[in-house]
Amino acid sequence: MQKPLHWFKHYPVVILLGLLVIVGLFATHALAAYQQITIKANVVNVRQGPGLSYDVMSQANKGETMNVIAQKNNWYQVRLSGDKIGWVASWLVNNTEVSATSNRVAKVTNSFANVRQSSTVDSQLLGRLNQGDAITVLYQQNGWSQIKYNSAVGWVRSDLINLSNQAPTTVQKTSDNQANSDTQNVAIKSVTTQLDNTKLRVGPNTAYQYTQTYPANTKLSYISKRGSWYQVKDTDGNSGYVASWVVTPSEKNEVVKTNATSLSEATIVLDAGHGGRDVGALSTQSKYEKNYTLATVEAVAKKLKAAGANVVLTRSNDTFVGLAPRPAVANQLKADAFISIHFDSSNEANEASGTTTYYYSKNKDIALAKAINNQTQALPLNNRGIEYGNYQVLRDNQRPSILLELGYINSDQDFKFISSPSYQTKVANAVYNGLTNYFK
Ligand SMILES: [Zn+2]
């Protein structure tokens, strides 16, 4: 039980005002999804707000885990059963290092769950899962979960499945093995923390003590890899181990090698720019870019599927998809190539024309950019060449990735091509030929 605070009784208004000022000084910041905490004290009070002055709404017992929604001062906002929200003191809990971006495992709780191509009930049915089936969840949005399905991706309604509260050890092992084989001939220079409160431990296991904690986006020098842990050093010279699933390795020194030796063996992620409420750029007649990126991606997908490639789309209809989940699809699937399709726009209408191939990483993207750009020379629009582009879909992409601007949508001349099925077919042929050469 809490000891009564006698001074509080005498100066409640002053103290509350003081607390409000203190609370106001620290902005609440949302944590990455799925960070979890485990109660380490025997019993912990869950309070209605982030401080001891708030009323107790329930109690949690030692060993219980909870999902963290936000952090304020030294308090965690957590989600309780029945969807209630409360606050617990951070010093009474352990922060478990659960992946924010890598796979989570889930089980189907409903008697069955339909797997669909996109996150709507009327989208194409890909198959059906049964109660108890274990699945890997890649991403969640608006009541839908994107899952791995038959070596591609699909969507199921989130209310039909139950996410595991545990770190997905089996899944991590699989991805570690893949990561190891991928990194055999690759040198990592540094790693960057994904979450606040990332712990530097004295050994490569959560059982070891930690000596430092870092906020998100802290860069640590890489020393070596031990299993699924990185040995690292911070800028103050402290060295120790961080879990590989809470950090992102730096740009690799060497080219990312694909295992595919032909297009038919490859997994290609095609990304139709924009969608839903994000309409993209406009033609002079106010036609939306999002519709032509999708039509072009559909033409490319058809051509690549006919060649036997495993083609995965980041969207297959007019739905809004944020920027982060697009490269995440390529990363999760360890795609052999990621191609994002857009149309350019100049400040003034009819000011510019032509196609551009963008890459972000010289090491992993440039060979793909060259292979595709060699073929987009055959398109009827002027080829503006290969350029560096700091786009999130490329920047967050660990796989070979490019972004194609296939004409200026606010050029009436370019728009005639952009909106014509015959140009879309020419683009499909160019991408097909480029990828065929790339995988040779
Ligand atoms: Zn665009």
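In this predicted model, the largest nonpolar core holds 40 residues, and the members that touch the most others are I268, L270, L304, I339, V431 and L435. Strand 23, helix 4, strand 24, strand 25, helix 6, strand 28, helix 8 (412–418) and helix 9 (421–438) each give two or more residues to this core. Among these elements, helix 4 gives the most, with seven residues. A general tendency fits here: in soluble globular proteins, nonpolar side chains tend to be buried together. The surroundings of I339 offer a good view of this core. Leaving aside neighbours within four places in sequence, I339 is in contact with V269, L270 and D271, with I372, with I402 and L404, and with V431 and L435.

Several of the elements that feed the core also belong to an open sheet. This sheet has six strands in the order 24-23-25-28-26-27, and the pairing is mixed. Strand 24 (310–313) and strand 27 (383–388) stand at the edges with a single partner strand each, so one side of each is left without a neighbour in the sheet. On average, neighbouring strands here are turned by 20° against each other, direction ignored. Strands 23 and 24 run parallel and are joined by four bridges; within strand 24, V311 stands opposite I268, a residue already met among the best-connected core members. Helix 6 (residues 362–376) lies across strand 25 (337–344), strand 26 (355–359), strand 27 and strand 28 (401–408), and runs at about 35° to strand 28.

Attention turns next to the zinc ion. Its protein donors are H274 through NE2, E289 through OE and H342 through ND1, at 2.1 to 2.2 Å from the ion. Along the chain, these donors follow the spacing H-x14-E-x52-H. H274 sits in the loop between strand 23 (267–272) and helix 4 (289–306), while E289 is in helix 4 itself, so the pair ties together parts that are 15 residues apart in sequence. H274 and E289 are both buried.

Helix 5 (residues 325–333) is mostly covered as well, with eight of its nine residues buried. The buried residues are P325, R326, P327, V329, A330, N331, Q332 and L333. Just after this helix, K334 takes a positive phi of about 50°.

Elsewhere in the chain, Y230 has its place in strand 20 (residues 229–233). With a relative accessibility of 6%, Y230 counts as buried, because the cut-off is 20%. The C-alpha atoms of Y230 and G240 are 8.3 Å apart in space, with 10 residues of separation in sequence.

For the protein as a whole, there are nine helices and 28 strands. Of the 440 residues, 48% count as buried. Among contacts with a separation of 6 or more, 67% come from residues 24 or more positions apart.

A word on confidence rounds off the picture. The average pLDDT of the protein is 80, and 78% of the residues score at least 70. Over residues 1–5 the pLDDT is below 50, and this stretch has three contacts in the model beyond near neighbours in sequence. The pLDDT is also below 50 over residues 21–34, a stretch with 25 contacts in the model beyond near neighbours in sequence. Where pLDDT is low, the predicted coordinates should not be read in detail.

Definitions and conventions: Residues are numbered from 1 along each chain as its sequence is written. Side-chain values use heavy atoms; hydrogens and water are left out. Donors are N, O and S atoms within 2.8 Å of the metal (3.2 Å for Na, K and Ca); water is not among the atoms, so sites may look incomplete. Buried means under 20% relative accessible area, exposed over 50%, partly exposed in between (1.4 Å probe, protein chains only). pLDDT is the predictor's confidence in each residue, from 0 to 100. Contact means heavy atoms within 4.5 Å. Two strands pair if DSSP finds at least two bridges between them. Axes are lines fitted to C-alpha atoms, for helices over the stretch in contact, and angles run from 0 to 180 degrees between N-to-C directions. A nonpolar core is a set of buried Ala, Val, Leu, Ile, Met, Phe, Trp, Tyr and Cys residues joined through side-chain atoms within 4.5 Å.
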